[in-house]
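Reader: I should like to learn how a structural model is read, feature by feature. Please begin with a single residue and then widen the view.

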Amino acid sequence: MMLDVNWAIRWLTLCAEAMAENRVWLIELDRAIGDSDHGENMDRGFQAVLDKLAEAPPETPGAAFKLTAMTLMSKVGGAAGPLYGTAFLRASTFLGDAAEVDPAALAGALVAARDGIVARGKAESGDKTMVDAWTPAAEAAQAAAAVGTGNVLEVLVAAAEAAEAGAMATDPLVARKGRASYLGERSAGHRDPGAASSALILRAAVGAAA
C-alpha cells in the first residue's frame, strides 16, 4: 500500500474537521498557559487550506503539503503558523514530486517535519511544546518503517499513538519555551496546546489512510 495525493487531501480535510471539532478544547488549553487563540487560529488556518485545495487541486502529496505550508504561514497567527508551516514545507521538500509515498518516505517526511519545527522554534523534547508530540511520533514512524512490512498504515498509527502519548506527557512539565514559560512552575498541570493539536493532526493522517 502506498499513499497518494488523494490521501494527502483527505488528511488535510480531516485536519480541518478535527480543528473545528476541537476548537473550544484547544482554546481552553491555551487559555490556561497561553493567550487563548490556538483553537481559533488552527480552525481558521485549516479552513483556509481547504479553500486553497478547492481552488487549485494539487497533483502530488508534496504539492498538497507545500500549499498547506504557505496557507498556514499566512493565515495562522502566533507561533503556530510559522511552526506548522515549516513542518509541512519540510515534508513537502523531502517528498519532492513523488506521486506515491511508501513507508520509508513517509517516515522521512515526518522526521523532516519535526526537524523543521525544532529549527524554527529552537525547542527540544521536555520543553513543553509541540516538539514533545512530534519527536516521539517521528521516532516511532522510523521504527515502524524499519520493520519492513511495507505497511504505511502501521507507520501512521505508530506516529499518531506516540504523538498522543507525548502530548499527554506534557501535562506535568514546566514550560521552558514560548508564552507558557512566563508562568514558570504554574505551567505544570496543563497540556501544551501545540502538542495537543499536533496529536490531532497525526491522528487525522491515520483516518485518511484507513
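Author: Let us start with Y84, which is found in helix α5. Helices (H or I, at least four residues) and strands (E, at least two) are DSSP runs, numbered from the N terminus. This is a predicted model, in which local features need pLDDT of at least 70 and side-chain atom pairs count only at pLDDT 80 or more, whereas totals for chains, interfaces and linings use all residues. Residues are numbered from 1 along each chain as its sequence is written, and side-chain values use heavy atoms, with hydrogens and water left out.

Reader: Is Y84 buried or exposed?

Author: The general idea is a cut-off on relative accessible area: buried means under 20%, exposed over 50%, and partly exposed in between (1.4 Å probe, protein chains only). Y84 has a relative accessible area of 1% and is therefore buried.

Reader: Which residues does Y84 touch?

Author: A contact means heavy atoms within 4.5 Å. Not counting residues up to four places away in sequence, Y84 touches H38, M42, L72, M130, W134, G194, S197, S198 and I201. As for L12, it lies 72 residues from Y84 along the chain, and the C-alpha atoms of the two are separated by 13 Å.

Reader: How should a charged residue such as R114 be read, as buried or exposed?

Author: The same cut-offs apply. R114, whose place is in helix α6 (residues 103-121), has a relative accessible area of 14%, so R114 counts as buried. Leaving aside neighbours within four places in sequence, R114 is in contact with W134, T135 and A138. W134 is also among the residues that Y84 touches.

Reader: How many aromatic pairs are there?

Author: Rings of Phe, Tyr and Trp (its six-membered ring) pair if their centres lie within 6.5 Å; planes under 30 degrees apart count as stacked, over 60 as edge-to-face and the rest as tilted. By this rule the count comes to six aromatic pairs. One of them joins W11 and F65, edge-to-face, at 5.5 Å centre to centre with 85° between the planes. This pair links distant parts of the chain, with W11 in helix α1 (residues 5-21) and F65 in helix α4 (residues 61-75), 54 residues apart. W11 is buried at a relative accessible area of 6%, and F65 is buried at 2%.

Reader: Why is the pair of F46 and F88 called edge-to-face?

Author: The ring centres of F46 and F88 are 6.5 Å apart and their planes stand at 70°, so the pair is edge-to-face. It too links distant parts of the chain: F46 is in helix α3 (residues 38-55) and F88 in helix α5 (residues 80-95), 42 residues apart. Both F46 and F88 are buried. Ring pairs link W7, W11, F46, F65 and F88 into a cluster.

Reader: What does the secondary structure of the whole chain come to?

Author: The chain has nine helices and zero strands. Its radius of gyration, taken over C-alpha atoms, is 16 Å, close to the 17 Å that the globule rule (2.2 Å times the number of residues to the power 0.38) gives for 210 residues, so the chain is as compact as a globular protein of that length. Along its principal axes, the C-alpha trace spans about 45 × 40 × 25 Å.

Reader: What share of the 210 residues is buried?

Author: Buried residues make up 51% of the chain. Among contacts between residues at least 6 apart in sequence, 71% join residues at least 24 apart.
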